[in-house]
Amino acid sequence: MSHALIYAYGVVGTPVPEQTLSLLGESLFNYSCSDRIVVICRRVDADTFGEEALERQVQDTDWLEGQVRHHMWVLNTLLDQGPVVPFRFPTIYYSLVSLTDAIAAVSTSLAASLDRVRGCREWEIAFSADPLQLEATAASMNTELVTLDAEIARSGSGRAYLLGKKRADLIASVVRDFFSEQVERIMAEPAALGITCKPFSGIGSQQSPVSIKKACLIPEALQQSVASHLEAHQAKLGKMGITYTIRGPWPPFSFV
Amino acid sequence: MTAKDEYQNVSLLEVLDRVLNKGVIIAGDLTISVADIDLLYLGLNVIVTSVETMEREKAKKRSHIS
């Protein structure tokens, strides 16, 4: 190995047992910055993780996949030991001194983040809709559209054409608002229990008017309640053409 | 919501969406610090796009097979 750099995965509140670290890979170690801040680190080779080398390496999709999956796997395993504040990939320092300085500057907010995510897991709740079914439901429940549809039905072809154009302009926003309203309504109960939810926007995920993703920070004790709540509304949502999936748990990437 | 085994099946895009796009960035005085991660990040966005294309192709092939 040439010059060694420090790769940081994230912060935990107490040192992770050596036995666990050794299972996660070679050269992983606890680095205690204070009695409440422990950074989980790995010594990595500058030939691979140095600035120029890394810019080359990330062009190799297979290499990148291996690295990001390992990053995620380590963080997910650490979650079983206690709260984790995950770092973005790649967080690399030239020395422990530099790492110490960087952490010292934000140690209060890191400690607060650890407290905030303690006992919680991040889940993704994704709602998707069948466009035609959702449009039919939304249109039938919107007074303006119902009136417009009735007017189109009794109009001659010229006027019906113009009204149809007006309808086309209106329908997209009606459907979007209706979908968003249904999702917010479903998520209102978990929010009332103290669960934090926020829109999840991904860099690689396809954005779509018929897909709404939420990142939710859910205390472990409430995970089953949230799942049951969604299940209880499944049939009602299904009638509107809306389905949901729950993915996770993830380290709390969206809440730190 | 106990299906931890689901994690094994998550797509690369889902992982990238988190490890590259979320999580804490700690500023340092190093060459590879926030600004440089941002530079890398531009390159990574290009990769994400190609991964996206790759996954769509895989999905198409799967649907042809089934």
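**Rings, charges and burial: how the labels are reached**

Visitor: What lies over the face of A:Trp250?

Guide: In this predicted model, B:Arg18 lies over the face of A:Trp250, at 3.6 Å from the ring centre. The distance part of the rule asks for a charged end within 6 Å of the ring centre, so 3.6 Å satisfies that part. Likewise, the charged end of A:Arg42 sits over the ring of A:Tyr7, at 5.1 Å from its centre.

Visitor: How many aromatic pairs does the structure hold, and why is the pair of A:Tyr7 and A:Phe89 called tilted?

Guide: Over all chains there are five aromatic pairs. The centres of the A:Tyr7 and A:Phe89 rings are 6.2 Å apart, and pairing asks for centres within 6.5 Å, so the two rings count as a pair. Their planes stand at 55°, and since stacked means under 30 degrees and edge-to-face over 60, the pair is tilted.

Visitor: What makes this pair tie together separate parts of the sequence?

Guide: A:Tyr7 lies in strand E1 of chain A, while A:Phe89 lies in the loop between strands E4 and E5 of that chain, so the pair ties together parts that are 82 residues apart in sequence.

Visitor: How do you know whether A:Phe49 is buried or exposed, and what about A:Trp63?

Guide: A residue is buried under 20% relative accessible area. A:Phe49 has 5%, so it is buried, and A:Trp63, at 16%, therefore counts as buried too. Both residues belong to one aromatic cluster, with A:Tyr7, A:Tyr9 and A:Phe89.

Technical notes: Residues are numbered from 1 along each chain as its sequence is written. Chains are lettered from A and ligands numbered from 1 in the order in which they are written. This is a predicted model: local features need pLDDT of at least 70, side-chain atom pairs count only at pLDDT 80 or more; totals for chains, interfaces and linings use all residues. Side-chain values use heavy atoms; hydrogens and water are left out. Rings of Phe, Tyr and Trp (its six-membered ring) pair if their centres lie within 6.5 Å; planes under 30 degrees apart count as stacked, over 60 as edge-to-face and the rest as tilted. Helices (H or I, at least four residues) and strands (E, at least two) are DSSP runs, numbered from the N terminus. Buried means under 20% relative accessible area, exposed over 50%, partly exposed in between (1.4 Å probe, protein chains only). A charge sits over a ring if NZ of Lys or CZ of Arg is within 6 Å of the ring centre and within 35 degrees of the ring normal.
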